[in-house]
Amino acid sequence: MICLGIESTAHTAGIGIVNEKGEVLANEKDTFTTEEGGMIPRELAEHHAEKFPTVLKNAFEKANLKWKDIDIISYSAGPGMGPALSVGATLARLLALLHNKPLVAVNHCVAHIEIGKEKTGCKDPLVVYASGGNSQIIGYETGKYRVYGETLDIGIGNLLDSFGRQMGLGFPAGPIIDKMYSEAKNYIELPYSVKGMDLNFSGLLTSAKQKIGKVDEKDLAYSLMHTGFAMLTEVTERALAHTEKKEVLLVGGVAASKALQKMINEMCKERGVKMFVCPTPLAVDNGAMISWTGILMFKAGRKTEIEKATTNQKFRTDLEEINWV
Ligand code: ATP
Ligand code: FE2
């Protein structure tokens, strides 16, 4: 069984082709970028509409396959930006009709988790989903991926990028700050905001922005990242205590951060928990994760009728029924 998956929730127009063994045969993409790093929904939609034909062609060439080899089509149904989501969903419906293939609508966040599990071999992890737009602590419990804690305002990646933009670091700033992290010398006190199991990053962002130009740049960038990651780690640790899970899985673009990996791993070691990190090309937004989840869902009897193949900008992780775990 081979699935072609379409990703278009935000900046990435991605097509992945994956087989039943979880082998990634192609994972092609074209990512929207701007100098400022802002995402305007209409511009995203235009970008995706323009780039998808080439991305699709490249995916078939990379996988060395033809349409007759594809068994299922899956697409990211949300969460994400409406106009961008619509381009992917429309493409999915069109291709399904044209080539007479079954269609599966996939939750983007669930796809981040499933590809991470598949590629690291962990079984029942507590998931730290840390990306630009999302920051959630998630675990499987009775038919759902439950969200134990999450950001109440911006994602941890947006925190880093927005601060970096103001400091003139370029976009995305996450990887640049991650490098600066090990070179800093002093911690500068910044607001730390954990509310029960949830997080607030905007106070931290405002305070750090106000200090730009008044303190050492490296120290400030380090302190911002350190504070944000410490907040994530605290909530992760509490969720581990509550769920008694023995594995932690890092997914999303920020999972690539060496600083985050180190901090979470130290906490895990103290608790006798094993940490897993999704490999970067599959941890960021990509089509292969949508394909793989499409296969898992289809094998569990899930199929989306063309008429019902819509999108949902607010398709939360815990809205999806998980009948394949
Ligand atoms: P989602 O739609 O799931 O929220 P996204 O659109 O934010 O995802 P991703 O590719 O998952 O996209 O994540 C991008 C984020 O990851 C950016 O904010 C970027 O700064 C951050 N990032 C990437 N590499 C690193 C790194 N090494 N250290 C810290 N942050 C990083
Ligand atoms: Fe994502």
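For sorting residues, Ala, Val, Leu, Ile, Met, Phe, Trp, Tyr, Cys and Pro count as nonpolar, Asp, Glu, Lys and Arg as charged, and the others, Gly among them, as polar. Keep in mind that this is a predicted model.

**Exercise 1.** Find how the residues of the shell around ligand 1 divide into nonpolar, polar and charged.

*Solution.* Start with the residues that come nearest: of the 23 around ligand 1, these are His-11, Tyr-129, Ser-131, Gly-132 and Asp-161. By the rule above, Tyr counts as nonpolar, Asp as charged, and Gly as polar. Carry on through the shell and you reach eight nonpolar, 12 polar and three charged residues.

**Exercise 2.** Which side chains have an N or O atom at 3.3 Å or 2.5 Å from an oxygen atom of ligand 1?

*Solution.* Take the two distances in turn. The side chain of His-108 gives the 3.3 Å pair, and that of Tyr-129 gives the 2.5 Å pair. Now look at nitrogen: a polar side-chain atom of Asp-178 lies 3.4 Å from a nitrogen atom of ligand 1. Finally, consider cover: on its own, ligand 1 has 640 Å² of accessible area, and the protein covers 88% of that.

**Exercise 3.** Which helix gives the most residues to the largest nonpolar core?

*Solution.* First, the core itself: it has 46 residues, and Phe-163, Phe-229, Leu-232, Val-248 and Ile-264 have the most contacts inside it. Next, list contributors of two or more residues, including strand 6 (126-130), helix 7 (217-243) and helix 8 (258-271). Helix 7 gives the most, with 11 residues. As a last step, zoom in on Ile-264: leaving out residues up to four places away in sequence, Ile-264 touches Val-128, Thr-233, Thr-236, Val-248, Leu-250 and Met-275.

Key:
Residues are numbered from 1 along each chain as its sequence is written. Chains are lettered from A and ligands numbered from 1 in the order in which they are written. This is a predicted model: local features need pLDDT of at least 70, side-chain atom pairs count only at pLDDT 80 or more; totals for chains, interfaces and linings use all residues. Side-chain values use heavy atoms; hydrogens and water are left out. A nonpolar core is a set of buried Ala, Val, Leu, Ile, Met, Phe, Trp, Tyr and Cys residues joined through side-chain atoms within 4.5 Å. Buried means under 20% relative accessible area, exposed over 50%, partly exposed in between (1.4 Å probe, protein chains only). Helices (H or I, at least four residues) and strands (E, at least two) are DSSP runs, numbered from the N terminus. Contact means heavy atoms within 4.5 Å. A residue is near a molecule or strand if one of its heavy atoms lies within 4 Å of it. A polar contact is a pair of N or O atoms within 3.5 Å; within protein, one must be able to donate a hydrogen and the other to accept it, and residues adjacent in sequence count only if both atoms are side-chain atoms. Accessible areas come from the Shrake-Rupley method with a 1.4 Å probe; for residues, only the protein chains shown count as cover.
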